[in-house]
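Work through the exercises below with the model open. Each task is followed by a solution in steps.

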Protein chains: 2
Amino acid sequence: MREVAVIGCGMTKFGELWDKSLRDIFVEAALQAIDDAQVDKIDSMYVGAMTPGLFVGQEHIGALMADYLGVAPIPALRVESACCSGGMAVRMGFLDIASGNSDVVLCGGVEKMTDGADVTYALATAADQEYEVYHGVTFPGLYAMIANAHMHRYGTTREQLAAVSVKNHHNGSLNPKAQFQSEITIENVIKAALVADPLTVLDSSPVSDGAACVILASMDIAKRLQKPCVKIIGTGAATDSLALDKREDITTLRAVKVAAESAYGMARVKPTDVSLAEVHDCFSIAEICIIEELGFVEKGKGGPFTEQGHTALSGKIPVNPSGGLKSKGHPVGATGVAQVVEVVDQLRGDAGKRQVKSAKIGLAQNMGGSGASSVVHIFSI
Amino acid sequence: MREVAVIGCGMTKFGELWDKSLRDIFVEAALQAIDDAQVDKIDSMYVGAMTPGLFVGQEHIGALMADYLGVAPIPALRVESACCSGGMAVRMGFLDIASGNSDVVLCGGVEKMTDGADVTYALATAADQEYEVYHGVTFPGLYAMIANAHMHRYGTTREQLAAVSVKNHHNGSLNPKAQFQSEITIENVIKAALVADPLTVLDSSPVSDGAACVILASMDIAKRLQKPCVKIIGTGAATDSLALDKREDITTLRAVKVAAESAYGMARVKPTDVSLAEVHDCFSIAEICIIEELGFVEKGKGGPFTEQGHTALSGKIPVNPSGGLKSKGHPVGATGVAQVVEVVDQLRGDAGKRQVKSAKIGLAQNMGGSGASSVVHIFSI
């Protein structure tokens, strides 16, 4: 298997981008990544998107984006795994180069969610239609069940959930591309409009437009470039049942655990070796469960660990230095690629006011649905 | 790059499968393929589907199918490239094994189109929404424009278009899994209801439900099995503009041509070496353009070549021995994988009444939209 590195990154601001179309924002991010990588050819392209068909009536966006970017007739296709479509696109690019089929690959993610579609319905297509959605479940409802179970079993408190959002908004206030660049307090979160008990609107990631792209290359090409070389040292992906009722324990995200084990194994690193992590905080409870599955803290202790500041920018293991999905925004297909952009910026030392000190190894964890699929990548400088 | 073989195949009957759901039909095809391959483990899974979100309100089907098949937590994701989603899923499985990441991969395709969705709208999401669909174009309309241009430029006749459907219905009448197992005549095609001038309903592939799966494995695993070993000797994929108005010549399918050149190059074979081909005859004119791009006949001569019987089962180069999309049916995401199933059946000598004699090298060509993406695979026994 050939070694693979990230040689270029680009992303749009995340938010309500009403003056730009789906193709506009993808091409904006892709051109930034190409400029950053300083490459003059791309061999193939993978585009992560959850449901552009339901959001804006456009499928077939692999070919569409290749054409609008001016790189057709190269091979291009879309990868979908609900909200971890972007991370899966990066994984496909990795395998394409590892196989020797391509030398330089563009992996991107994009979603345009604010153009008038029924967003709650569209997102619910990531849950089990036959066993969950037809019976009235929404995504906030599913995560609220996980939150209640975690609080009941481990004593996680309402304040500890809120601490995730407060930390991520602080980090996002330092990120010029974040959708929300404002600080919030524990009280703000708890007193915000209830979405699904106990989760309020400030426990929940927003509806967003945005795109992010990275350029991957074989290590021999990457080494010729005169800039810090960020290597992908591990990739892991896994699945679980879509429906929560089929899981033995809904506080355990098995797909995250298995994907992380694969990635740690390939990278030959331990959780304690990781300098920083971008994780899939679609709801505050998700970040708490994920840092447990990733092995940053013992199962059930994610709440106190967060409340004590260990996941803050200056903590033991900074989590979501970008602001995470909560503050940076969550254009679902773009999120997994944007996580990689942040990890690469951090490892290169280009993260400005939110720079994590001495960052050597970074991890990106992306997740689909209520945890039915997950992909984990580990990077080193 | 490791060598890759197909070691198992399965598919449902194609048609209106109202008593089975999306997940039912996928699992039916997958279990057949697993039984055929006689494997007891699968390392990862790729599922091709065009738009299950619009057809049945379900995205995230990589994880869903892995769970229902009982193989979770293995990595599983969906691949989308409109009507060539299935072929692209096979390509991803090939690259996954070629890289050394997986040894045994399940590649499947599925679509459930007859459950009440607005099929014309859903299929049109494969065209350019901003430059074509908003202005009233449908898929039959796009292919009708190509047909008119081909007739005008090359003198292709109405009867020659019809000859494609007549041949494919004859082949389909020999295929127990085909949606339509009845012969038709030139007169039937020409006098059928007009869809978009000059194309009638009998120039057009039907709306279908169905699934198809193949198991791929590294060559060293394949060789241990005591049955004919079908090797993937070439893969190629390419893209073009979604919108027809952006192409220099709408009778040329550039993505097909470029994908075929890549596949022929990797396989080190010429068009004249191919024993049989499954191609993407979504409309009769498509098969005529495709056999030209694949190099089976000179550009512009596809009509007479078909009319003279050279693409019939006993012709120079049998095309669509399965009955093709026209007669076998076209559950869009499943089609590309079903093509591979037919080629493997033919190379193994298992194609029954429609067996092509002395089949040694087979080609499968799958296409998305009005030709904006295409993937070509070449197989040898």
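**Exercise 1. Domains of chain A**

Into which domains is chain A divided?

Solution. Two conventions come first: this is a predicted model, in which local features need pLDDT of at least 70, side-chain atom pairs count only at pLDDT 80 or more, and totals for chains, interfaces and linings use all residues. Residues are numbered from 1 along each chain as its sequence is written, while chains are lettered from A and ligands numbered from 1 in the order in which they are written.

Step 1. Chain A splits into domain 1 (4–118 + 208–224) and domain 2 (127–205 + 232–380); such bounds come from an automatic or database domain assignment.

Step 2. Between the C-alpha centres of these two domains of chain A there are 22 Å.

Step 3. Contact (C-beta atoms, placed from the backbone, within 7 Å) joins 36 residues of domain 1 of chain A to 32 residues of domain 2 of chain A.

Step 4. On the domain 1 side of chain A, β1 (4–11), α4, β4 (104–112) and β7 (209–218) each supply at least two residues. Helices (H or I, at least four residues) and strands (E, at least two) are DSSP runs, numbered from the N terminus. The element that gives the most to this side is α4(A), with eight residues.

**Exercise 2. Relation of the two chains**

Find the operation that lays chain A on chain B.

Solution. Step 1. A turn of 180° with a shift of 0.0 Å along the axis lays chain A on chain B with an RMSD of 0.0 Å. The superposition is by least squares on the C-alpha atoms of residues with pLDDT of at least 70 in both copies.

Step 2. The two copies are therefore related as by a two-fold rotation axis.

Step 3. Among the residues of chain A, A:Ser99 comes closest to the rotation axis, its C-alpha at 1.7 Å.

**Exercise 3. The interface between the chains**

How many residues of chain A are in contact with chain B, and which elements of chain A give two or more of them?

Solution. Step 1. The contacts link 51 residues of chain A with 51 residues of chain B.

Step 2. The elements of chain A giving two or more residues to this side are α2 (52–56), α3 (61–69), β3 (76–80), α4 (85–98), β8 (230–239) and α10 (254–267).

Step 3. Of the interface residues of chain A, 100% are also interface residues in chain B, so the copies meet through the same surface.

Step 4. β3(A) pairs with strand β3 (residues 76–80) of chain B in the antiparallel sense over three bridges; pairing requires at least two DSSP bridges between two strands. A:Arg78 has B:Glu80 in β3(B) as its bridge partner.
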